[in-house]
Amino acid sequence: MTRLSLFNSPFLLGFDEFERTVDRISKLSSDSYPPYNIEQISAQILRISIAVAGFTKEDLEISLEGNQLLIHGSRSEPNNDRIFIHRGIATRQFQRNFILADGIKVEGASMENGLLFIDLTQPVPQEESKKIEISDSSKKKDKNLINLNLKKKKYDE
């Protein structure tokens, strides 16, 4: 079965990677565990906060593959004879992915009170103002003309 593509137009050649990224994002948005926040701390700093209650630093792995930030958590269940009447605290393994825009850098990660913090920096676009000088088009035309009235000089030997 063929899949209907958003980028099926002949005018959109070379957007295959972009289409795969959009597909990946749509698949990732359906998973809600673990919950996370994305905050803008300042004009240049973003922070991803992920609720990882019950996980230690050793249970978590953070990696960057190209422009994709991967957070993986796995925790082994202790073997004991606990009987749960209700089990609402999730301890299952997870993988949370974030696709980063070009130029965003991962500065570091820390944990506090069951939250994993990942700090990112984004470059501030520098808008330059440049004055364009307007040239006189009549002078430009004179420079491009070829002078055919060249006189030959005779050199004395």
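Let me start with the hairpin of strand 3 and strand 4. Strand 3 covers residues 60–65 and strand 4 covers residues 68–73, and the two run antiparallel, joined by six bridges. This is a predicted model, so please hear every value that follows as computed. To fix the register, take E61: its bridge partner in strand 4 is H72. Two residues sit between the strands of this hairpin, and G66 has a positive phi there, near 65°.

Strand 4 has a second partner. Strand 4 and strand 5 are also paired in the antiparallel sense, again over six bridges. Here the register can be read from Q68, whose bridge partner in strand 5 is I99. Put together, that gives an open sheet of three strands in the order 3-4-5, with antiparallel pairing. Strand 3 and strand 5 are the edge strands, each pairing on one side only. From one strand to the next, the twist averages 15°.

Two residues of this sheet deserve a stop. The first is G73, which belongs to strand 4. How buried is G73? Its relative accessible area is 0%, so G73 counts as buried. What is G73 in contact with, leaving aside neighbours within four places in sequence? The list is F55, D59, L60, Q93 and F94. There is also a C-alpha distance to note: G73 and V52 are 21 residues apart along the chain, and their C-alpha atoms are separated by 8.4 Å.

The second is R96, in strand 5, which spans residues 94–99. Is R96 buried or exposed? The relative accessibility of R96 is 6%, and the cut-off for buried is under 20%, so R96 is classed as buried. Where does its side chain go? The side chain of R96 reaches the backbone oxygen of P34, at 2.8 Å.

Now the other sheet. This one is open too, with four strands in the order 1-2-7-6 and antiparallel pairing. Its edge strands are strand 1, at 36–40, and strand 6, at 105–112, and each of them pairs on one side only. The twist here averages 20° from one strand to the next.

Within that sheet, look at strand 6 and strand 7. Strand 7 is residues 115–121, and its antiparallel pairing with strand 6 runs over seven bridges. Two of the partners in strand 7 can serve as markers: G108 is bridged to D119, and E112 is bridged to L115.

The turn of this hairpin also has two residues between the strands, and N113 is the one with a positive phi, near 50°. As background, most residues other than glycine have a negative phi. N113 is not a glycine, yet its phi is positive, at about 50°. N113 lies in the loop between strand 6 and strand 7. With a relative accessibility of 74%, and exposed meaning over 50%, N113 is therefore on the exposed side of the cut-off.

Next, the nonpolar core. The largest one has 16 residues, and the residues with the most contacts inside it are I50, I71 and I118. Which elements give two or more residues to this core? They are strand 2, at 45–51, together with strand 4, strand 5 and strand 7. If you want one residue to select in the viewer, I would pick I71. Not counting residues up to four places away in sequence, I71 touches I50, E61, I62, F94, Q95, R96, F98, L116 and I118. That list includes I50 and I118, the two residues named beside I71 for contacts inside the core. It also includes R96, the buried arginine from earlier.

Last, the chain as a whole. The secondary structure amounts to two helices and seven strands. Along the sequence the pattern is α-β-β-β-β-β-β-β-α, with a helix at either end of it. Of the 157 residues in the chain, 18% are buried. The exposed area is about 13900 Å², of which carbon and sulfur atoms supply 52%. As for contacts with a separation of 6 or more, 51% are between residues 24 or more positions apart.

To recap the layout: one open sheet has the order 3-4-5, the other has the order 1-2-7-6, and the largest nonpolar core draws two or more residues from each of strand 2, strand 4, strand 5 and strand 7.

Technical notes:
Residues numbered from 1 in each chain as written. Predicted model: local features only at pLDDT ≥ 70, side-chain atom pairs only at ≥ 80, totals over all residues. Heavy atoms only, no water. Buried < 20%, exposed > 50% of the residue type's maximum accessible area, 1.4 Å probe, protein only. Contact = heavy atoms within 4.5 Å. Areas by Shrake-Rupley, 256 points an atom, 1.4 Å probe, with all protein chains shown as cover. Pairing = 2+ DSSP bridges. Axes fitted to C-alpha atoms, helices over the stretch in contact; angles between N-to-C directions. Polar contact = N/O pair within 3.5 Å; in protein donor to acceptor, adjacent residues only side chain to side chain. Core = buried A, V, L, I, M, F, W, Y, C linked by side-chain atoms within 4.5 Å.
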